[in-house]
Amino acid sequence: MDGSDPADRSAGAASPRLETLFEAGGGRSVELPKRLRDGYGGGLGFATPIVFANLVSTLDGVTAFGDDTPPSVISAKSPADRFVMGLLRACASAVVVGAGTLRPAVKHRWTPDHVFPSLADDFRRLRISLGLTDIPKLVVLTRTGDIRTSAASLEDGALIITTTMGAEHLRGKVPRATAIRTVMSGRIEPVEVVEILRRDGHDTILTEGGPHILGSFLRSGALDELFLTLSPRVAGRSRAVPRLGLVEGMALDPDQILRATLLSVKRHESHVFLRYGFR
Ligand SMILES: NC(=O)c1ccc[n+]([C@@H]2O[C@H](COP(=O)([O-])OP(=O)(O)OC[C@H]3O[C@@H](n4cnc5c(N)ncnc54)[C@H](OP(=O)(O)O)[C@@H]3O)[C@@H](O)[C@H]2O)c1
């Protein structure tokens, strides 16, 4: 899941073709426009309501360097990763990110077109067929309210879910199109976030992380599925250079570790695209 800047994007790029290696039967499939179906190597469907995540990691599980290094270093600028990211966004009613993901991505827009502009028409057709609005609603989670309020994505009409302290911090600073919703406790519980979004009519909720948000969604049992791109890179980490893994901020006891079921395996060149279910 490479949230790269516009300069890295695939304007005019042909859609890559993923090869399907395994697909668990029985899932619901939606009618994808031909170029999306050909690119994905088959259909794609969700049993709604659903909360699903999409992230990319190196072979050794690194998802972020924790500094200014662009996400494209993790994904190796894979056009197939951007294609899958665009396709999953196109299926989503809302995209949830944490403050840590928004902070460095001031130019990013969490829309399908932003990561794969040449398929914009196909994404739009898919959204219409799914009864979705033009673009997914961006939802930003922040306890502190310490975000870059000049971020381009907030101009499109995002929803910020925050605490009373965060709301106080953000008062009068966000673009008019963006709304702020306050939770009463000092914590932002994923289950409450999902309830808020369901009440707003969002049945297909995608989270693009980052690793702290993914950890908190997994710990609370709010995540139904994970799309994970394995990028053929090894980044390593050390005590002096810790780096972020797929999941941060939570550690489960050995007898509590979560089990997942493999739903799909696809590949493009040396990248592998995994889909797991947690139910
Ligand atoms: N490889 C990938 O697929 C991928 C995907 C996404 C992001 N990233 C990278 O990950 C890095 C950011 O990582 P991150 O883990 O800091 O990002 P994150 O999970 O998006 O954000 C974490 C922040 O979200 C806020 N937050 C609000 N509610 C929370 C909750 N219930 N649980 C946890 N956090 C909550 C907190 O900020 P407040 O202090 O404001 O409350 C927290 O520090 C960036 O470099 C980004 O590029 C990589």
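1. Charge distribution. In this predicted model, the protein chain carries 35 positive and 31 negative charges, and the mean positions of these two sets are 1 Å apart. As for the surface on which a reader might look for them, the protein chain exposes about 13,000 Å², of which carbon and sulfur atoms supply 51%.

2. Confidence. The mean pLDDT of the protein chain is 94, and 95% of its residues reach 70 or more. The stretch to read with care is residues 2-8, where the pLDDT is below 50, although in the model this stretch still has 22 contacts beyond near neighbours in sequence.

3. Overall build. The protein chain is made up of 10 helices and 10 strands, together with the segments that join them. Its C-alpha trace spans about 50 × 45 × 35 Å along the principal axes. For 279 residues a compact globule would have a radius of gyration near 19 Å, and the 18 Å found for the protein chain agrees with that expectation. Of these 279 residues, 48% count as buried. Among the contacts with a separation of 6 or more, residues 24 or more positions apart account for 70%.

4. Helix H10 and its cover. Helix H10, which runs over residues 211-219, is mostly covered, with 7 of its 9 residues buried. The buried residues are Pro211, Ile213, Leu214, Gly215, Ser216, Phe217 and Leu218. Several strands contribute to what covers them, including E2 (50-58), E3 (94-98), E4 (137-142), E7 (204-207) and E8 (225-231), and helix H9 (190-199) is also part of that cover. A colleague inspecting this helix may wish to look at what lies on either side of it in sequence. Just after H10, Gly221 takes a positive phi of about 75°, while the loop between E7 and H10 holds Gly210, whose peptide bond from Gly209 is cis with omega near 10°.

5. A second cis peptide bond. Thr48 and Pro49 are also joined by a cis peptide bond, here with omega of about 0°. Pro49 lies in the loop between helix H1 (34-40) and E2, and strand E2 is one of the elements that cover the buried residues of H10.

6. Positive phi outside glycine. Ala76 has a phi near 60°, a positive value in a residue other than glycine, and it is found in the loop between helix H2 (72-75) and helix H3 (79-91). With a relative accessible area of 22%, Ala76 is partly exposed. Arg243 likewise has a positive phi, near 60°, and is a residue other than glycine; its place is in the loop between E8 and strand E9 (261-268). At 23% relative accessibility, Arg243 also counts as partly exposed.

7. Pro16, ahead of the strands. Is Pro16, in the segment before strand E1 (19-23), buried or exposed? Pro16 is buried, because its relative accessible area is 7% and buried means under 20%. Leaving aside its neighbours within four places in sequence, Pro16 is in contact with Gly39, Pro79, Ala80, Phe83, Phe116 and His268. Of these partners, Gly39 falls within the residue range of helix H1 (34-40), Pro79, Ala80 and Phe83 fall within that of helix H3 (79-91), and His268 falls within that of strand E9 (261-268). Pro16 and Pro117, which are 101 residues apart in sequence, are 13 Å apart in space, C-alpha to C-alpha.

8. Pro104, in a loop. Pro104 has its place in the loop between helix H4 (99-102) and helix H5 (112-115). With a relative accessible area of 62%, Pro104 is exposed, since the exposed class begins over 50%. Measuring from C-alpha to C-alpha in the model, Pro104 and Ile135 are 22 Å apart in space and 31 residues apart in sequence.

9. Val73, in helix H2. The place of Val73 is in helix H2, and with a relative accessible area of 39% this residue is partly exposed. Leaving aside neighbours within four places in sequence, Val73 is in contact with Phe65 and Arg233. The C-alpha atoms of Val73 and Leu226 are separated by 21 Å, the two residues being 153 residues apart along the chain.

How values were computed: Residues numbered from 1 in each chain as written. Predicted model: local features only at pLDDT ≥ 70, side-chain atom pairs only at ≥ 80, totals over all residues. Heavy atoms only, no water. Helix = DSSP H or I, 4+ residues; strand = E, 2+ residues; numbered from the N terminus. Rg over C-alpha atoms; globule rule 2.2 N^0.38 Å. Buried < 20%, exposed > 50% of the residue type's maximum accessible area, 1.4 Å probe, protein only. Contact = heavy atoms within 4.5 Å. Areas by Shrake-Rupley, 256 points an atom, 1.4 Å probe, with all protein chains shown as cover. Lys, Arg positive; Asp, Glu negative; His and termini not counted. Charge placed at Lys NZ, Arg CZ, Asp CG, Glu CD. pLDDT = per-residue confidence, 0-100.
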